[in-house]
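Colleague: Could you take one part of this model and give me a close look at it, following its contacts outward to whatever they reach? I'd like to read along with the coordinates open.

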Amino acid sequence: MALSPLNAISPIDGRYRSKVEALGNYFSEEALIKYRVLVEVEYFIALCELPLPQLESVSNSVFEDLRGIYKNFTAVDASAIKEIEKVTNHDVKAVEYFIKDKFDALELSAYKEFIHFGLTSQDINNTAIPLSIKDAMNDVYVPEYLAVLEKIEGLAKDWAHIPMLARTHGQPASPTRLGKEIEVFAVRLKEQFNLLNDVPSAAKFGGATGNFNAHKVAYPTIDWKAFGTKFVQEKLGLHHSFPTTQIEHYDHVAALFDGLKRINTIIIDLDRDIWTYVSMDYFKQKIKAGEVGSSAMPHKVNPIDFENSEGNLGIANAIFEHLSAKLPLSRLQRDLTDSTVLRNVGVPFGHTLIAFKSTVKGLGKLLLNEPKFAQDLENNWAVVAEAIQTILRRESYPNPYEALKGLTRTNEAITQTSISNFIDTLEVSDTIKSELKAITPSNYTGI
C-alpha cells in the first residue's frame with residue numbers, strides 16, 4: 001500500500017503533512033542518510049587536507065565533485081543506500097559502501113579505504129543528527145517561532161490601552177490592560193529563546209570509544225584530538241564534545257529540548273488564557289463562510305485553533321521530556337537505546353510547528369468585544385477598594401484596610417454610588433475625597 005495522508009499512521013505524515021512538510025528535509029530517513037553522506041565526504045576531504053601521506057596525491061580539484069555526492073543527493077540515492085542496507089543490516093555501513101561506489105565512478109578507487117577511516121558509526125550519527133537539528137532550528141523552527149512572537153507583539157501593541165478587569169484565583173482583581181497581559185507572553189518567549197542561543201550544537205567525534213584509538217595506532221604522530229575539534233567545529237559548525245564514550249553524552253541537546261519545552265509551555269499558557277477570554281465573551285471570532293462549529297449546534301464558533309495548539313504542544317512536550325531525560329543516560333560506553341529514540345526527534349518538532357501555526361491562525365481570528373470589557377469593569381467597582389485604602393494609608397488614616405473590608409466583603413453589589421457615599425463618610429479633606437472619587441475601574445490600571 002502506497003503511503004498517503006489518508007493511510008499514514010502518524011497525523012504528522014497524514015492529516016497535518018502540509019503543515020510540517022519542510023521538516024522532511026531534516027528529519028526524514030532520506031534526510032538522515034543525506035546528512036551521513038555529508039559527514040563522510042567532508043571527513044574524507046579533511047583527511048586529504050591534513051594531509052595523510054597516502055592522500056597527498058588527491059587533487060583539490062576533486063573536492064567539489066566529492067561534495068556533489070551530497071549536494072546533489074536524491075531520493076534515488078537514498079533508495080540505493082537502503083538496498084545496500086538490506087545486505088549489510090547496518091545503516092552507516094551502507095552509506096560507506098554507497099560512497100565507495102561513487103569513488104569508483106570518480107576514478108578515486110585507490111583512496112576509498114579512507115572513507116570512514118578509523119571511525120565508528122556514532123562518529124557519523126552524532127555529527128549528522130546534531131547538524132540536522134541545528135539546520136532545522138535555523139531554517140524551519142525559528143521562522144515559525146518568530147511568526148508567533150510577531151503576532152503576539154502586534155496584538156500587545158494594538159490592545160495596549162484596553163482596560164480590563166484582572167482575575168486572580170478566578171475572582172475580580174486590580175484592573176490591568178489587555179495589551180500588557182499579552183505582552184507578558186512576548187517577554188517570556190523572548191527570554192526563553194535567548195537561552196536557546198546559549199546551547200551549543202554538540203557532536204561526538206573520536207572513534208570507537210572516544211579516544212581516537214584507531215587513528216593514533218595508525219598515525220601516532222598526528223594530534224587527532226586537534227584534528228577532530230577542527231573538523232567538527234570549522235567544517236561542520238558544531239561544538240566538539242571531548243572526552244566522550246562511544247556516543248555523544250547528549251547533555252546539550254537535552255538542554256535544547258528542555259528549552260523548546262519551556263517555550264511550548266508558555267504558548268500553552270497563552271492558548272488557555274485566550275480560550276478563557278473567548279468563553280468570557282471578551283473576544284468574538286471571525287466567521288468563515290461554509291465552516292461549521294458544531295455538528296448539532298449551528299450557533300457555535302469554537303476556539304478550536306487554541307485547542308488544537310494546546311493538544312499538539314502537549315504531545316510535543318511529552319516527547320521532548322522523554323528525549324531530554326533519556327538521551328543523557330547510556331550504559332557504560334554505550335547502549336543502543338539512543339539510536340531508536342533519536343529517530344523520533346522530528347516528531348516533537350512536527351507537533352510544535354502544527355501548534356505554532358494554529359496559535360497564529362487563532363490569534364488572527366480574534367475580534368475585540370470592547371463593550372464586554374467595559375461592562376465587567378463597571379460591574380466590579382469593588383476593585384477600587386485597594387486604591388482607596390492605599391491612599392488612606394498614605395494619609396495615615398486609621399485602619400483603612402479594615403474600613404474598606406467592611407464595605408466590600410458583603411453580598412451586596414458595590415457600585416460607583418456606594419463607593420462615592422462611602423468616601424463622603426471619611427474624615428479627610430475635600431481634596432482627598434476628590435482624588436478618591438476620580439478613581440474608576442477603567443483608569444486604575446497601574447503602569
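Modeller: Happy to! Helices here are DSSP runs of H or I with at least four residues, numbered from the N terminus. Please keep in mind that this is a predicted model. Let's start from Asn 126, which lies in helix α7. Asn 126 counts as buried because its relative accessibility is 1%, and the cut-off for buried is under 20%. Setting aside neighbours within four places in sequence, Asn 126 is in contact with Ala 202, Ala 203, Lys 204, Gln 246, Ile 247, Glu 248 and Tyr 250.

Several of those names come back at Ser 241. This serine sits in strand β4, residues 239–241, and with a relative accessibility of 3% it counts as buried too. Not counting residues up to four places away in sequence, Ser 241 touches Ala 202, Ala 203, Lys 204, Glu 248 and His 249. With Glu 248 there is also a polar contact: the two side chains are joined at 2.9 Å.

Back to the helix itself and its packing against α3. The axes of α3 (residues 29–49) and α7 come within 9 Å and cross at roughly 115°. The α3 side of the contact is made by Leu 32, Tyr 35, Arg 36, Leu 38, Val 39 and Glu 40, while α7 brings Asp 123, Ile 124, Asn 125, Thr 127, Ala 128, Ile 129, Leu 131, Ser 132 and Asp 135. By type, the residues of this contact divide into 8 nonpolar, 3 polar and 4 charged.

Val 39 leads on to Phe 231, in helix α10 (residues 224–235). Phe 231 touches Val 39, Glu 42, Tyr 43, Ala 46, Phe 205 and Leu 236, leaving out residues up to four places away in sequence. The C-alpha atoms of Phe 231 and Ala 46 are separated by 6.9 Å, although these positions lie 185 residues apart along the chain. At 1% relative accessibility, Phe 231 counts as buried.

Finally, the wider setting. In soluble globular proteins, nonpolar side chains tend to be buried together. The largest nonpolar core in this model has 135 residues, and those with the most contacts inside it are Val 37, Leu 66, Ile 133, Phe 257, Ile 274 and Phe 349. Helix α7, residues 121–158, gives this core its largest share, 16 residues. For a look at one of these hubs, try Phe 257: beyond its neighbours within four places in sequence, Phe 257 is in contact with Ile 133, Phe 320, Leu 323, Ser 324, Leu 327, Val 345 and Phe 349.

Note on methods. Residues numbered from 1 in each chain as written. Predicted model: local features only at pLDDT ≥ 70, side-chain atom pairs only at ≥ 80, totals over all residues. Heavy atoms only, no water. Helix = DSSP H or I, 4+ residues; strand = E, 2+ residues; numbered from the N terminus. Buried < 20%, exposed > 50% of the residue type's maximum accessible area, 1.4 Å probe, protein only. Polar contact = N/O pair within 3.5 Å; in protein donor to acceptor, adjacent residues only side chain to side chain. Contact = heavy atoms within 4.5 Å. Core = buried A, V, L, I, M, F, W, Y, C linked by side-chain atoms within 4.5 Å. Axes fitted to C-alpha atoms, helices over the stretch in contact; angles between N-to-C directions. Nonpolar A, V, L, I, M, F, W, Y, C, P; charged D, E, K, R; others polar.
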